[in-house]
Amino acid sequence: MSEPFISTNSKPESGGEPDVDQRHNATSDYETQHVRSDCEILELGKEVNQKLHTGSDQPAKIRAVPIHRRPDLLVTCADLVNSEWQRSQAARVHSLQKSCPEFPVCLVLLQGNKETERLLGHARLSQVVGHTSCLFVESVVVSKAERGRGFGRTLMEEVERYARSRGFKRLCLTTHDKQHFYAHIGYVLSTPVQNAGAMTAFVPMETLLRFSRMPSEEGNTQRDTWIKTEAKVPQGSPPPCGLPPPSIPPPPPPPPPPPSIPSPPPPPPPPPPPSIPPPPPPLMPPPSIPPPPPLSSIPSPPPPPPQAAGRPVVQTLTETPYRDAKRVPIFWMHKDI
C-alpha cells in the first residue's frame with residue numbers, strides 16, 4: 001500500500017494565496033505610513049526648536065519697565081546710554097539710580113522673558129517747572145544692534161502710555177537732528193521749558209518755581225522794591241497826627257571867648273631877586289608843521305550790516321533760533337497725549 005502524496009503547492013479550499021499585485025500594494029501602504037511618521041516627527045522637531053528659541057508659543061512681548069524695579073539692569077543700561085553720550089560707567093549708574101516713582105523715572109524697553117530677555121532702549125522722564133501736566137523726555141536711545149526695526153517708535157509709544165497712566169497730558173523734548181522723526185510721530189515745534197531733572201527729589205516744586213522767574217518778573221520785583229524805598233517818609237517831616245512832638249533838649253551854651261594874645265610883628269620884606277639875563281635867541285626857526293587835513297577828506301568806516309528790528313523768532317524743521325549750552329542749534333517740540 002503506497003503512502004499518500006501531499007503537494008506543497010496545493011491551494012487552500014477557501015481564500016487562496018495572494019497574488020503579486022496584492023503583495024505590492026501592501027508594501028506601498030507600509031512605506032506611505034513610514035514616510036508620514038517621519039514627516040510628523042520632523043514637524044514636531046521644528047515646533048520644539050521654535051518653542052525653545054522663543055520661550056513660549058507666542059512672540060516675545062515688548063514692554064517698558066522703570067529701572068528702579070530692575071536694578072539688575074543698571075550696568076547694562078548704563079553701557080547702552082554711554083554708547084550714545086560718553087560718560088564714566090560709575091557716573092552713569094549713579095544717575096540711573098536716581099530713578100524713583102516721584103520722578104525722574106528711567107524707562108527701559110525690554111523684549112523676551114528670563115534667558116531670552118533683551119534690552120532694546122531707554123528714555124528718561126522728568127517734571128517741567130511751572131507745568132504740572134507736562135513731562136520732559138530726554139536721553140532717548142535705542143540699541144545700535146536693534147535700530148531700523150521700529151523700536152524707536154515703540155519706545156515713544158510706551159513712554160506716552162506710561163505718562164498717561166500717571167495723569168500727564170503733554171510731553172516735551174529737545175533734539176539736535178531727529179526733529180523729522182518726532183514730527184512723523186505727532187510732535188510739533190514748541191517754545192523752551194525748564195526741566196526740573198532730579199531736583200524735585202530734594203527741592204519742592206514751589207521753590208524751583210520761585211527761582212525760575214523770567215527776567216521781566218525779576219525786573220518788576222526790583223522796580224517795586226525801588227518804589228517802596230523811595231516812598232519812605234523823608235527826614236524833617238511832621239509827626240503823624242495824634243502823637244506828641246518829641247522833646248528836644250536845649251542847645252549847650254557857647255564856649256567862653258579865648259584870652260586876648262598880642263599879635264606878632266610883621267616879617268621883614270624879602271630881598272629883591274637877582275637880575276637874570278634874557279635867554280639867547282634860537283639859532284634857527286623850528287620846522288613848520290602842516291595843518292591837519294579837513295574832516296571831509298578822511299574816509300568814514302563802513303556802516304554796520306542792517307538788522308531786521310522786531311523780527312519774530314521763527315522755528316522750522318530745518319532752522320531754529322535756539323541754542324544749547326554748547327551753542328549748538330537745538331529744536332524744541334511737544335506732543336499732547
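## Glu-146 and its partner

Glu-146 counts as buried, at 9% relative accessibility. In this predicted model, its side chain forms a salt bridge with Arg-149, and the closest N and O atoms of the two are 2.7 Å apart.

## Other salt bridges

The full count comes to eleven salt bridges. One of them joins Arg-147 and Glu-84, with 2.9 Å from N to O. Arg-147 sits in the loop between β4 and α4 and Glu-84 in the loop between α2 and α3, so this pair ties together parts that are 63 residues apart in sequence. Arg-147 is partly exposed, with a relative accessible area of 40%, and Glu-84 is partly exposed too, at 38%.

Now have a look at helix α4, where Glu-158 and Arg-161 lie three residues apart, about one turn of the helix. Residues three or four places apart point the same way, because an α-helix has 3.6 residues a turn. The side chains of Glu-158 and Arg-161 meet in a salt bridge of 2.6 Å, N to O. Glu-158 is buried, with a relative accessible area of 15%, whereas Arg-161 counts as partly exposed at 44%. Elsewhere, a network of salt bridges links Arg-63, Arg-70, Asp-72 and Glu-117.

## A buried arginine without a salt bridge

Arg-92, in helix α3, is worth a pause. Arg-92 is buried yet has no salt bridge. The cut-off for a salt bridge is 4 Å, and the nearest side chain of opposite charge, Asp-79, is 8.6 Å away. Leaving aside residues up to four places away in sequence, Arg-92 touches Ala-78, Val-81, Asn-82, Trp-85 and Arg-87.

Helix α2 spans residues 74-82, and its buried residues include Ala-78, Val-81 and Asn-82, along with Leu-74, Cys-77 and Leu-80. The buried residues of α2 pack against α3, β2, β3 and β4.

## The largest pocket

The largest pocket has a volume of about 1,300 Å³. Its lining is made up of 42 residues, and the closest to the pocket centre are Glu-84, Trp-85, Ser-139, Val-140 and Thr-174. We have already met Glu-84 as the salt-bridge partner of Arg-147, and Trp-85 as a contact of Arg-92.

Which elements each supply at least two residues of the lining? They are α3, β3, β4, α4, β5 and α5. The largest share, seven residues, comes from β4. By type, the lining divides into 18 nonpolar, eleven polar and 13 charged residues.

Definitions and conventions:
Residues are numbered from 1 along each chain as its sequence is written. This is a predicted model: local features need pLDDT of at least 70, side-chain atom pairs count only at pLDDT 80 or more; totals for chains, interfaces and linings use all residues. Side-chain values use heavy atoms; hydrogens and water are left out. On a 1 Å grid over the protein atoms alone, a cavity is a set of points where a 1.4 Å probe fits but cannot get out, and a pocket is an open set with protein on both sides within 12 Å along at least five of seven lines; lining residues have an atom within 4 Å of a point. Grid points are joined across faces, edges and corners, and a volume is the space filled by probe spheres set on the points. Helices (H or I, at least four residues) and strands (E, at least two) are DSSP runs, numbered from the N terminus. Ala, Val, Leu, Ile, Met, Phe, Trp, Tyr, Cys and Pro count as nonpolar, Asp, Glu, Lys and Arg as charged, and the others, Gly among them, as polar. Buried means under 20% relative accessible area, exposed over 50%, partly exposed in between (1.4 Å probe, protein chains only). Lys and Arg count as positive and Asp and Glu as negative; His and the chain ends are not counted. Contact means heavy atoms within 4.5 Å.
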